[in-house]
Protein chains: 2
Amino acid sequence: MTKKNDITALDEVAGNGLLSRRLLLRGGVAMAGAASTLVATHGASAEPLKEPEWSRYQGTTVEAMGRRTKHEKDTARILTNPKGEPRTQHARTPHHLLNGQITPNHLHFTILHNGIPDIDPEQHKLVIHGMVKQPIVLSMDRLMRYPMVTRQTFIECGGNSAALFSNEPVQANLQSLHGLVSNAEWTGVPLSAVLDEVGIDPKAKWMLVEGADTAAITRSVPLKKALDDAILVLFQNGERLMAEQGYPVRLLLPGWEGNMNIKYVRRIKIVDQPALTYYEARNYSPLLPDAKAYRFFFVNEVKSFITHPSFGMKLNEPGYYEISGIAYSGAGRIERVQVTADGGRTWADAAVQGPTMHKAFTRFTIPWRWNGQPAVLSSRAVDDGGNIQPTRDEFVRERGVTQKPVTNPFGFPNQHYNSLTSWGINAKGEISHVYA
Amino acid sequence: MTKKNDITALDEVAGNGLLSRRLLLRGGVAMAGAASTLVATHGASAEPLKEPEWSRYQGTTVEAMGRRTKHEKDTARILTNPKGEPRTQHARTPHHLLNGQITPNHLHFTILHNGIPDIDPEQHKLVIHGMVKQPIVLSMDRLMRYPMVTRQTFIECGGNSAALFSNEPVQANLQSLHGLVSNAEWTGVPLSAVLDEVGIDPKAKWMLVEGADTAAITRSVPLKKALDDAILVLFQNGERLMAEQGYPVRLLLPGWEGNMNIKYVRRIKIVDQPALTYYEARNYSPLLPDAKAYRFFFVNEVKSFITHPSFGMKLNEPGYYEISGIAYSGAGRIERVQVTADGGRTWADAAVQGPTMHKAFTRFTIPWRWNGQPAVLSSRAVDDGGNIQPTRDEFVRERGVTQKPVTNPFGFPNQHYNSLTSWGINAKGEISHVYA
């Protein structure tokens, strides 16, 4: 039941061993393998299958909440403040150990400035007031009766990847570098349905959204976005929101910087101008090389990075590997991802996993035959608005870098890094972070 | 910034208050509300927002693994054998408490016959042998080097919904009735890529797949399915498989009955005929009214049920509600879902949440204005192959029912129920399970 393959499919499509994504069609991989080192180890007969211990005894009991295997305990978030001292706490997603597109809820990144509030959903209320015909107070029971929508989307902290503003590549793994972005299926009430009910004054242009956590995070959001695709989220990957994600209700602004997706939302005030809150006036207004502030730039622009192989992994032998990564754009749908294995000299199109969704993670893959020589891997994504991930040269010219190498990857003031990430592989198969 | 609505959108589109799905477009809901009872409680000014306790103190500390809020502890699976006695253990998904399409990993249904094996991924091997050119033994490290694909798909136990074979409606909630189906994003190696490498004898037609758990679950699978869309799954919703879902590797046969999706797969033998294993010869061969066996019927046929409102919930007042549910088909993509509020006399099209994916959960919703009188809600799905969920009359005629009411919903020998589920609502807003 096997079929012959077109031998031309074995042709490299870009330098240093990148193979055609058509090889991912059935039958192609065996051919790619046959041309060099096979993935498989042959000879089942030489190694009879032994009956292992776990096939002989009753296993552990199924519980009301499924538990993860102990063998994957390293698949966890890394923390910046594990003792919960009275300052910001970050938890980063281990993208190098995950695959697919969904981030499981317990591994979704989070940032909290005063810990996780324990909010009683029976008491929590959402008030909408200001420039409206009828202010309303919504209990969670009431909110649950509105129509709901479901969509997959990523949320990314504006400060994700800040280490890449260093003028020397910080030697850290994917989780440290890019762990402040995650992707989930969110379900909740379109904000437009509620705003229609209160009746917005035509002179209003913004809304001020406030959280019920102790930090009382408050951000100004243009009403245009609020009425476009904003959601009052109640469910995350099918179940009610995690406490650290804003239970019982958070604002979701698909594709806009994480901090604006106000958690524990308790108040929405309809107003006619932005309030210039702490986060708007300081954190999210870094200076550009031309001394202007990078202010009110809300969209997480098109971006991608390779997850496998990546920093900290090792290629043990030459031969076939799959290069796999994540692409996303806060401006739309991923249309194309290109990959290079020679540091940007030549590029080839990766296969993009469908269905591609607007403002959601998109997995890309491309087959690769490593010849055992040094290589530099990188990816570059394009969205359906024609936005292309900038090269590092282009990005640095416009946005600048810090002047000296910084060893703490968490201390950068810079925001919205969306240029390339490059992995250098040496002849031993070891992988480092490089700028290419 | 609100806009006028077409007043005709308020027209009922089917009996007993079903409203047009077009109302779910922006602006529609407020109109639907204005026409009867509003969802919102007005008067923010009459109830000043108080500062709650949780806004005043440092919250709890962010941990490496995110934790769920204690307020949702009822969102858990129900178990048939919580002490892990040496017999089958079932854990059912609480669909009535979830929303969206993804089932979180710790709430995915599972069935195990000898508990959960603790398998060391360093030692586990997968052997492929039989009618092949080159048998192979794959370590998990080797398997991870193959190309991977990601897809969302449901898995359903053939015995899900067995209580509906009773000739009287069993009074139990959605989780008890339909909790043996769940939906996840699975990532792994297409089985065809590995089978191509071993080289299948053209005379082979089936494969025998064996698990490494103590029950050594073994099923025969047609090679046609194996080469179509079967996957050796390594990741579930982004992270490595849950132990109870087959860690380190399970077979996924999208749309085919759960038991064939062999967990802990350790052996695939390529053969020329089915082996008639225990599960093939007994469990999945129930007798039909015409005394023939219902055998080798692998596909989970088109099906749907309403999750909100459903058994055990209560409507506290007349007015606007959203009817929401899940539809899926092991034969393809959900194309259409119809809902009735008058026990099947009249039907209206529900809105179907996109993107709809092949052999995956699809969420449907329709706005409804309950007038406080008795109503019977039900849903009926159609897939892109034109398969329609059968009415109860049609189903019973072909497949039969048990002759007396049964109070234990877990003891039925019958398989593959895919007819309608109906919820009866009385004038108090209480919901019971009815046959309509």
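**Exercise 1.** In this predicted model, decide whether Gln353(A) is buried or exposed.

*Solution.* Start with the count: Gln353(A) has 21 other C-beta atoms within 10 Å. Next, take the cut-off: a residue is buried if 20 or more other C-beta atoms lie within 10 Å of its own. Gln353(A) is therefore buried. For the whole of chain A, buried residues make up 56% of the 436 residues.

**Exercise 2.** State where Gln353(A) is found in chain A and which residues it touches, leaving out those up to four places away in sequence.

*Solution.* First, place the residue: Gln353(A) lies in the loop between strand S21 (351-352) and strand S22 (362-370) of chain A. Then list the contacts, not counting residues up to four places away in sequence: Thr362(A), Arg363(A), Phe364(A) and Thr150(B).

**Exercise 3.** Find how far the C-alpha atom of Gln353(A) is from that of Thr187(A).

*Solution.* Along the chain, Gln353(A) and Thr187(A) are 166 residues apart. In space, 23 Å separates their C-alpha atoms.

**Exercise 4.** Describe the open sheet that contains strand S19 of chain A, and name its edge strands.

*Solution.* Begin with the order: five strands of chain A form the sheet as S20-S19-S23-S24-S25, with antiparallel pairing. The edges are strand S20 (348-349) and strand S25 (431-434) of chain A, each of which pairs on one side only. Now look at one pair: two bridges join S19 (residues 334-340) of chain A to S20(A). Across from Ala348(A) in S20(A) stands Val339(A).

**Exercise 5.** Count the helices and strands of chain A.

*Solution.* Chain A has seven helices and 25 strands.

Terms used: Residues are numbered from 1 along each chain as its sequence is written. Chains are lettered from A and ligands numbered from 1 in the order in which they are written. This is a predicted model: local features need pLDDT of at least 70, side-chain atom pairs count only at pLDDT 80 or more; totals for chains, interfaces and linings use all residues. A residue is buried if 20 or more other C-beta atoms lie within 10 Å of its own, exposed if 12 or fewer, and partly exposed in between; C-beta atoms are placed from the backbone. Two residues are in contact if their C-beta atoms, placed from the backbone, lie within 7 Å. Two strands pair if DSSP finds at least two bridges between them.
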